[in-house]
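Below is a short briefing on one protein chain. Please look over the sequence and the structure before reading the points that follow.

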Amino acid sequence: MEVAMWGLQRDIQDDEPEPRTAANAVTVQEIIDRISSEHEAEGRPSPVLNHAAPRGPITVDYARILMRQHRVCQRDECPAKRAAFALLVERGIMSPSPSAGQLEPGRFRAS
């Protein structure tokens with residue numbers, strides 16, 4: 001269909017895109033997840049995640065979520081991952097890898 005506007009011709013498509021509704025809307029979390037996964041695929045930390053250390057005590061479940069969200073972050077560069085890792089080590093759920101130059105708790109012996 002052609003429409004004349006102010007002496008100009010322009011094509012208008014009859015199949016306009018479907019308007020956004022609650023049923024077909026993309027959530028903010030879906031957008032954050034997509035951007036995060038794109039950066040993760042490239043081995044880069046996500047620009048949309050909050051990398052700051054949590055403000056108060058965190059639960060083990062939340063620490064696990066943080067570890068998943070920040071899996072490509074380096075612990076020495078990401079306060080959120082560092083806090084989550086510290087809690088999981090403290091609770092005995094994780095232990096630092098000796099192969100990464102870190103000592104497991106209780107395994108250090110002074111010479």
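The points below go from the whole chain to its helices, its core and its cysteines.

The structure is a predicted model. The protein chain has 3 helices and 2 strands, and its elements follow the order β-β-α-α-α from the N terminus. Of its 111 residues, 19% count as buried.

**Whole chain**

- The protein chain exposes about 8,900 Å², and carbon and sulfur atoms supply 53% of that area.
- Among contacts between residues at least 6 apart in sequence, 33% join residues at least 24 apart.

**Helix α1**

- Helix α1 covers residues 28-41, which makes 14 residues. At 1.5 Å a residue it should span 20 Å, and its end C-alpha atoms are 20 Å apart, so the two values agree.
- The buried residues of α1 are Ile-35, Ser-36 and His-39. They lie on the same side of α1, because the arc they cover around the axis is only 100°.
- Asp-33 also belongs to helix α1. Its relative accessibility is 42%, so Asp-33 counts as partly exposed.
- Asp-33 and Val-48 are 15 residues apart along the chain, and their C-alpha atoms are separated by 8.9 Å.
- Gly-43, just after α1, takes a positive phi of about 75°.

**Helix α2**

- Val-60, Ala-63, Leu-66 and Met-67 are buried in α2. Their arc around the axis is only 115°, which puts them on the same side of α2.
- The cover over the buried residues of α2 includes α3.
- Met-67 is in helix α2 and has a relative accessible area of 14%, so Met-67 is buried.
- Leaving out residues up to four places away in sequence, Met-67 touches Lys-81, Ala-84, Phe-85, Leu-88 and Met-94.
- From C-alpha to C-alpha, Met-67 and Ala-83 are 9.4 Å apart in space, with their positions 16 residues apart in sequence counted as the separation.

**Loop between α2 and α3**

- His-70 is placed in the loop between α2 and α3. With a relative accessibility of 1%, His-70 counts as buried.
- Not counting residues up to four places away in sequence, the contacts of His-70 are Leu-49, Asn-50, His-51, Cys-78, Ala-80 and Lys-81.

**Helix α3**

- Helix α3 has 12 residues and reaches 16 Å from its first C-alpha to its last, close to the 16 Å expected at 1.5 Å a residue.
- In α3 the buried residues are Ala-80, Lys-81, Ala-84, Phe-85, Leu-87, Leu-88 and Val-89. These buried residues pack against α2.
- Gly-92, just after α3, takes a positive phi of about 80°.

**Largest nonpolar core**

- The largest nonpolar core has 13 residues, of which Ile-58, Ala-63, Leu-66, Met-67, Ala-84, Leu-87 and Leu-88 touch the most other members.
- Two elements, α2 (60-69) and α3 (79-90), give two or more residues to this core. The element that gives the most is α3, with 6 residues.
- Leu-88 touches Val-60, Ala-63, Arg-64, Met-67, Ile-93 and Met-94, again not counting residues up to four places away in sequence.

**Cysteines**

- How many disulfides does a search of the whole structure find? The search finds 0 disulfides.
- A disulfide is a covalent bond between the sulfur atoms of two cysteines. The cut-off applied here is a pair of cysteine sulfur atoms within 2.5 Å.
- The closest cysteine sulfur to that of Cys-73 is in Cys-78, at 3.8 Å, which is too far for a bond. Cys-78 is likewise in no disulfide, its nearest cysteine sulfur being that of Cys-73.
- Cys-73 counts as buried because its relative accessibility is 7%. Cys-78 counts as buried as well, because its relative accessibility is 2%.

Notes. Residues numbered from 1 in each chain as written. Predicted model: local features only at pLDDT ≥ 70, side-chain atom pairs only at ≥ 80, totals over all residues. Heavy atoms only, no water. Core = buried A, V, L, I, M, F, W, Y, C linked by side-chain atoms within 4.5 Å. Buried < 20%, exposed > 50% of the residue type's maximum accessible area, 1.4 Å probe, protein only. Helix = DSSP H or I, 4+ residues; strand = E, 2+ residues; numbered from the N terminus. Contact = heavy atoms within 4.5 Å. Expected span 1.5 Å × (residues − 1). Arc of directions from axis to C-beta. Areas by Shrake-Rupley, 256 points an atom, 1.4 Å probe, with all protein chains shown as cover.
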